[in-house]
Amino acid sequence: KEQLYSALGGPLRKRAEENNLQVLENFDRFIDQTGATATENIADSGNAVIKALSNGYQAAKNKVNVAYKRAEASEGAQEPVSYAELKAFIDGQDEATKEISPVLKSVAQQLAKNDPDGTGQITVATMENIRKLISKNAQQGTPSPVHGGEMKGIIDSLTEGKGGELYNKARKLRIEQARKFENRAIIARLVTNVKNMDDPKVAADEVFKKSIMNESPEDIKFLRQTLRTLGPEGRQAWSELQGATVRDIAKKATANSRMTADNQPVISAAGLDKAIKALDENGRIDTIFNPKMARQLRDLRDVV
């Protein structure tokens, strides 16, 4: 190390710079292997993910809407179903609760309106429409979302197996939509906009951080699986997240380092080790990359 900076250290310095360049070139090759095409602007990969998920979510909603319209036009839509359990739930709430949770009164009014003779039954189609009303009227900041969730559960139980095959198909599609896009925060926050605005809850430049660096391997795996089911756009979006991960490792390995004579950033062994360990300590590196690339990233860290 002393001779490296002496008058006779030229060949040593040249060799050190060659080694450094080889490491940097490895990162470029890793990015190529992922198939990522986005620029180094981290927002580009975030936009790809948001776009793929949003398009997939909209397609799923369209499919559900079509299925329910077909079901509503079928004979099974007029099959009667008892709402006694739903009414009992509402009646079991005290008046103060009903005042602060408007969805309870809304459902009670719909039941009375659609059963003026008090038969205790309404059609499957009407029950499904009440379920939709609950989703629209479950005002955030009130107990309504909690009560709404309980009432939707009751409705699902009451209508299970009712209405014929078309309704069963529509319900299955709706359940799958919720499973993929609504029930897991890692996906839901990427397809949801800020209230009364067109801006997504998660900004594009925050997608990588919130979806990869701050998530568990289980949630990352769910995101990966969801994107891969969304066709070429979704698979490319996942590739962009892989590429962003490699860039993040390289960035941390060269942070606050000096430059070579060729104006290349010098790799820090400690910085690279820390970056790999951060991904490796809970298994995220094996979730993000295929086994070969995960091994190569560890090998590169060991060599450096």
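**Figure 1. The salt bridge between Lys252 and Asp248 in helix α12 of the predicted model.** Asp248 has a relative accessible area of 17% and is therefore counted as buried, whereas its partner Lys252, at 38% relative accessibility, counts as partly exposed. The closest N and O atoms of the two side chains are 3.0 Å apart, and together they form a salt bridge. Both residues belong to helix α12, where they stand four residues apart, about one turn of the helix. An α-helix has 3.6 residues a turn, so residues three or four places apart point the same way.

**Figure 2. Glu240, a buried acidic residue without a salt bridge.** Glu240 is also part of helix α12, and although it is buried, it takes part in no salt bridge. Which side chain of opposite charge is nearest to Glu240? That side chain belongs to Arg247, at a distance of 5.3 Å, and because a salt bridge requires a nitrogen within 4 Å of a carboxyl oxygen, the two are not counted as a pair. When neighbours within four places in sequence are left aside, the residues in contact with Glu240 are Ala36, Thr37, Ala38, Ser45 and Ala48.

**Figure 3. Further salt bridges, within one helix and between distant parts of the chain.** The structure holds 18 salt bridges, of which some are shown here. In helix α4 (residues 95-100), Lys98 and Glu95 lie three residues apart, about one turn of the helix, and their side chains meet in a salt bridge with an N to O distance of 3.6 Å. Lys98 has a relative accessibility of 13% and so counts as buried. The side chains of Asp219 and Arg184 meet in another salt bridge, with 2.8 Å from N to O. This pair links distant parts of the chain, since Asp219 is in helix α11 (residues 217-228) and Arg184 in the loop between α8 and α9 (185-188), 35 residues apart. Arg184 itself is partly exposed, with a relative accessible area of 29%. Elsewhere, Asp273, Lys277, Arg301 and Asp302 are linked in a network of salt bridges.

**Figure 4. Helix α13 and the elements that cover its buried residues.** Helix α13 (residues 269-280) has twelve residues, and the distance from its first C-alpha to its last is 16 Å, close to the 16 Å expected at 1.5 Å a residue. Which residues of α13 are buried? They are Gly271, Leu272, Ala275, Ile276 and Leu279. These residues cover an arc of only 125 degrees around the axis, and therefore lie on the same side of α13. Ala270 and Lys274, on the other side of the helix, are exposed. The buried residues of α13 are covered by elements including α1 (10-34), α10 (207-213), α12 (231-253), α14 (284-288) and α15 (291-303).

**Figure 5. Gly283, in the loop that follows between α13 and α14.** At 22% relative accessibility, Gly283 counts as partly exposed. The C-alpha atom of Gly283 is separated by 8.7 Å from that of Ser216, although the two residues are 67 residues apart along the chain.

**Figure 6. Two edge-to-face aromatic pairs.** The count of aromatic pairs comes to three, and among them is the pair of Phe27 and Phe30, which is edge-to-face, with 6.5 Å from centre to centre and 75 degrees between the planes. Both of these residues lie in helix α1, three residues apart, about one turn of the helix. Phe27 is buried at 3% relative accessibility, and Phe30 is likewise buried, with a relative accessible area of 3%. In the pair of Tyr68 and Tyr167, the ring centres are 6.1 Å apart and the planes stand at 65 degrees, so this pair is also edge-to-face. Because Tyr68 lies in helix α2 (residues 42-72) and Tyr167 in helix α8 (residues 165-181), the pair ties together parts that are 99 residues apart in sequence. Tyr68 counts as buried at 9% relative accessibility, and Tyr167 is buried with a relative accessible area of 0%.

**Figure 7. Helix α6 and its buried residues.** The 14 residues of helix α6 (residues 124-137) should span 20 Å at 1.5 Å a residue, and the end C-alpha atoms are indeed 20 Å apart, which agrees. The buried residues of α6 are Val124, Ala125, Thr126, Met127, Glu128, Ile130, Arg131, Leu133 and Ile134.

Methods: Residues numbered from 1 in each chain as written. Predicted model: local features only at pLDDT ≥ 70, side-chain atom pairs only at ≥ 80, totals over all residues. Heavy atoms only, no water. Helix = DSSP H or I, 4+ residues; strand = E, 2+ residues; numbered from the N terminus. Expected span 1.5 Å × (residues − 1). Buried < 20%, exposed > 50% of the residue type's maximum accessible area, 1.4 Å probe, protein only. Arc of directions from axis to C-beta. Contact = heavy atoms within 4.5 Å. Lys, Arg positive; Asp, Glu negative; His and termini not counted. Phe/Tyr/Trp six-rings, centres within 6.5 Å; stacked < 30°, edge-to-face > 60°.
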